[in-house]
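Biologist: I should like to learn how to read a protein–DNA model of this kind. Please take me through the features one at a time.

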There are 2 protein chains.
Amino acid sequence: MTAADIGGRLTELALERRRERSSAADVAAAVLRDLILEGALPPGSRVSEEAFIGPLEVSRNTLREAFRLLTHERLLVHKLNRGVFVRRLDAADVKDLFQVRRLIECSALLSAGKAGVPTLSAAVEVGERAAAAGRWVDVGTANLRFHQAIAGLVGSRRIDELMHQVAAELRLGFHEMGDPKAFHESYLTRNRGIVHTLAAGDAMRAESQLRAYLNDAEYEMLDIIGRR
Amino acid sequence: MTAADIGGRLTELALERRRERSSAADVAAAVLRDLILEGALPPGSRVSEEAFIGPLEVSRNTLREAFRLLTHERLLVHKLNRGVFVRRLDAADVKDLFQVRRLIECSALLSAGKAGVPTLSAAVEVGERAAAAGRWVDVGTANLRFHQAIAGLVGSRRIDELMHQVAAELRLGFHEMGDPKAFHESYLTRNRGIVHTLAAGDAMRAESQLRAYLNDAEYEMLDIIGRR
DNA sequence: GCTTGTCATATTGTTCAACAATCCTCAAAC
DNA sequence: GTTTGAGGATTGTTGAACAATATGACAAGC
């Protein structure tokens, strides 16, 4: 992670700021968010005010506001008097995240039933196209999007935001897990299977398949993160 | 809402700060949060930096950090270049909040079944005691706590935080609804009924009762807020 | 009387410098 | 090897200053 990385990102986002009337704190937060989510700022690393005011071209106060934004998004963790760090998921986090997912995704899928098929089918296809092109990071992203789409069947803004947050936190976990192909590859066919079952009218069986997927993904993630 | 109100609150919270190692921004946010939740800062009212730095005894920059905290909690809404306001729930907010509640509370109740009875029974009792003493604001608080306890049966930190947030937002709505007795009184017996049904082993019927309650509460709240 | 334009003011957004407070590291003493 | 103290780095906060934005008041024109 170099100042040059941030510099380039800043240019893009400065344009976006002009378009979207964002504040400087929002822009700085957006740059940091991107860097965290792509793994350029690894989990556990320190994000010191002094080191980032230059590349982000903001004052310390503005950067502190940006930090507040990102700590609430759980991407950063703020330790009073000791600074701000990129969050590192622990086993309890992983368990909780999957608990949330089971509660929401399974309930949403059951409630939506067949009506959810077009949306979910489209979401699976995105992943299948990325896999066909060997873009495994994109497959991971598409997988997360598929699952967000399940929760999105509820049609609730707050649930969408929660699941967006959950997805972001999961990505922190993925950065510690290495090879995206190994993790996401098998799940594509499972996602397709869930959609098929749903399309066949068996919402309860689809829900069971989804639950089984979530349990397996949790187990796999805990296997690595719990072993750290 | 006077400066004296804030002054007294500040003294309490200054003590708490010493105990809990909170930052000044956290303390300021806590004072404002309390004022908002008790209705001393009514929904829609402006919270200007200049007016609050004195009573809160912080600098503008620190206050801005506090605002960031509270906007993320949805208690304040930040309008770029125009200031910060206490959030005012609209009809769409109400609908979304109840959608979240239905998804989470109903699913949690179904999953917990009889195992949830002791916790929920205790929560109902708190409300019943408050009602017996005619403390209707406390009844409202106990009612919210009962419903948070349902969601708490999941045992997920993130779900608890979400429902804590939902409860805070609902309180904003209650401030616009007038008489707490009228709103909360009938719900006590309904809560007791839900717990009885659950204790009798009929989780599905308890879930239906809960869903019906949520639908009625939503309807009632929308009747007032939608009419504004 | 109504509309438009200008100007002044209030407020927000941000920067910067300074100081206080806290934490961490390293060296010295035991 | 352990403990203690000093120094430096960093964070937390304050306050002043300036830039930017929005709003309101007032005057001029129709």
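The dialogue below turns to symmetry, then DNA, then cysteines.

Modeller: This is a predicted model, in which local features need pLDDT of at least 70, side-chain atom pairs count only at pLDDT 80 or more, and totals for chains, interfaces and linings use all residues. Residues are numbered from 1 along each chain as its sequence is written, chains are lettered from A and ligands numbered from 1 in the order in which they are written, and side-chain values use heavy atoms, with hydrogens and water left out.

Biologist: How is chain A related to chain B?

Modeller: In general, a rotation about an axis and a shift along it relate two copies of a chain. Here a turn of 180° with a shift of 0.0 Å along the axis lays chain A on chain B, at an RMSD of 0.0 Å; copies are superposed by least squares on the C-alpha atoms of residues with pLDDT of at least 70 in both. That is the relation of a two-fold axis.

Biologist: Which residue of chain A comes closest to the rotation axis?

Modeller: Glu65(A) does, its C-alpha being 2.8 Å away. Moreover, 100% of the interface residues of chain A are also interface residues in chain B, so the copies meet through the same surface; contact here means heavy atoms within 4.5 Å.

Biologist: Which residues come nearest to DNA strand D?

Modeller: A residue is near a strand if one of its heavy atoms lies within 4 Å of it. There are 23 residues around DNA strand D, and Arg60(A), Arg64(A), Ala24(B), Asn61(B) and Thr62(B) come nearest.

Biologist: Which part of DNA strand D lies within 4 Å of the protein, sugar or phosphate, or bases?

Modeller: Of the strand D atoms within that distance, 68% belong to sugar or phosphate and the rest to bases. For polar contacts (pairs of N or O atoms within 3.5 Å; within protein, one must be able to donate a hydrogen and the other to accept it, and residues adjacent in sequence count only if both atoms are side-chain atoms), consider the phosphate oxygens. A side-chain N or O atom of Arg64(A) is 2.7 Å from one phosphate oxygen of DNA strand D, and a polar side-chain atom of His78(A) lies 3.1 Å from a phosphate oxygen. Ser59(B) uses a backbone N or O atom, at 2.9 Å.

Biologist: How many disulfides are there over all chains?

Modeller: A disulfide is a pair of cysteine sulfur atoms within 2.5 Å, and the count is zero. The cysteine sulfur nearest to that of Cys106(A) belongs to Cys106(B), 16 Å away.
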